[in-house]
Amino acid sequence: MFDLSGDVKPAPSNIRMLLERFSNAPTNFWGIVLTVEEASWLHQTSTLNRQTSPVHRFYLAPEDWNPDSLVLAGAEAHHARDVLRLHPAGRVVVFNGRGHEITAEIAKVSRDEILLRKMHEARVPLLPCRITLAQAIPKGKNMDLIVQKAVEIGAAEIAPLISERTIVHLAAKEAAQKQAKWHQVAIEAAKQCGQNWLPTVQLPRTPKDFFATVEAGASPAQDFQSPTRLPPQNRGLELRLIGSLQSDAVHLKTVLADYEREHHARPASVLMCIGPEGDFTPAELNLARSNGCRPITLGPIILRVETAAIYCLSVLSYELLAVPASR
């Protein structure tokens, strides 16, 4: 019932018994008389709970971002008002998916919207490497999981691929609906993990169309009006990789070491391609190779699609995003 962390001493046995009676008491009971010791302990624990309660995060799209007039509306207002039951004077955090975050106080709660008052504003810089995950769409809800974990690990862009062996086949309307759904999954993941840069989720497309877009240098965000990171100076993706079961595939760590030795720097942008169940076809692998992708092995054990994506992103995040200060 109460958070006993910090300096608050555990409840004496008589208070624990009192709490049990209180929790089981009828709603119309007259009251309970507390000793000075009991009242002091209850006051300490309730105060501590208020101080350590989590601050909920909410997303405001860039077009709705106005630090001097912050308003939660639609689904975000419903979640704050009807699900979390937040009230005026409570504190929340809002972010716009482009690195901006504001700690705000709830000023007014109405039926249609929640007005916020800015207290503190901060900006989170971009990560040192822009990682793009080109993921062949797996069956079931595994793509939801992959999008969620990609956000948590720090991917900047997610490109769903419709490969020849992809079990899921999408018409144009269905592809747009899937994109919108995965965009919402990304928002929810960012809200939960504290990520203030919201990755772009591209429109699902074939590998051929995807690589044509990469080579043309067009921004994938044009396909869907969603917030995206600022366009990097080089959209060509400096290092391109593809998971492969072929005998000539090399270890990811070897590829990264070769790149750093050749360029005397770590890559500022990386493309990581992961195939579907059954892997990419030979033709798709040749297409990726012709577009500069180096085949990498993920070890002697064949991984599931979602495991392969999380594995590769985790290694890239460890090697390229969390660079020690001494390096």
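In what order do the 7 strands of the open sheet stand? In this predicted model, the order is β8-β7-β6-β11-β9-β12-β10, and the pairing is parallel. The edges are taken by β8 (200-201) and β10 (250-251). Each has a single partner strand, so one side of each is left without a neighbour in the sheet. At one of these edges, β10 is joined to β12 (residues 293-297) by 2 bridges, and the two strands run parallel. V250 has I296 of β12 as its bridge partner.

Antiparallel pairing appears elsewhere in the chain. Strand β3 (residues 91-95) runs antiparallel to β4 (residues 100-109), and 5 bridges join them. Within this pairing, V94 is matched with I102 of β4. The two strands form a hairpin with 4 residues between them. In that hairpin, G97 adopts a positive phi near 80°. Strand β4 is also joined to β5 (residues 113-123), by 9 antiparallel bridges. Here E101 stands opposite A122 of β5. This second pairing is a hairpin too, with 3 residues between β4 and β5.

Aromatic contacts were examined next. The structure contains 2 aromatic pairs. In one of them, the ring centres of Y59 and F95 are 5.5 Å apart. Their planes meet at 55°, so the pair is tilted. Y59 belongs to strand β1 (residues 56-59) and F95 to strand β3, so the pair ties together parts that are 36 residues apart in sequence. Y59 and F95 are both buried. The other pair is made by F210 and F211, with ring centres 5.3 Å apart. Their planes lie at 65°, so this pair is edge-to-face. F210 is buried at 1% relative accessibility, and F211 is buried with a relative accessible area of 4%. The ring of F95 has a further partner: the charged end of R57 sits over it, 4.4 Å from its centre.

Helix α4 (residues 142-153) was checked for its span. Its 12 residues should cover 16 Å at 1.5 Å a residue. The end C-alpha atoms are 16 Å apart, which agrees. The buried residues of α4 are N142, M143, D144, I146, V147, A150, V151 and I153. Among the elements that cover them are β6 (130-136), β7 (157-161), α5 (172-193) and α9 (305-321). Just after the helix, G154 has a positive phi of about 115°.

Positive phi values also occur at residues other than glycine. Phi of H264 is about 55°. This residue lies in the loop between α7 (252-263) and β11 (269-274). H264 is exposed, with a relative accessible area of 71%. D279 has a positive phi near 70°, and it lies in the loop between β11 and α8 (282-290). In contrast to H264, which is exposed, D279 is buried, with a relative accessible area of 14%.

Cysteines were considered last. How many disulfides does a search of the whole structure find? The search returns 0. C129 is buried, with a relative accessible area of 2%. C312 is also buried, at 0% relative accessibility.

Definitions and conventions
Residues are numbered from 1 along each chain as its sequence is written. This is a predicted model: local features need pLDDT of at least 70, side-chain atom pairs count only at pLDDT 80 or more; totals for chains, interfaces and linings use all residues. Side-chain values use heavy atoms; hydrogens and water are left out. Two strands pair if DSSP finds at least two bridges between them. The expected span of a helix is 1.5 Å times one less than its number of residues. Buried means under 20% relative accessible area, exposed over 50%, partly exposed in between (1.4 Å probe, protein chains only). Contact means heavy atoms within 4.5 Å. A disulfide is a pair of cysteine sulfur atoms within 2.5 Å. Rings of Phe, Tyr and Trp (its six-membered ring) pair if their centres lie within 6.5 Å; planes under 30 degrees apart count as stacked, over 60 as edge-to-face and the rest as tilted. A charge sits over a ring if NZ of Lys or CZ of Arg is within 6 Å of the ring centre and within 35 degrees of the ring normal.
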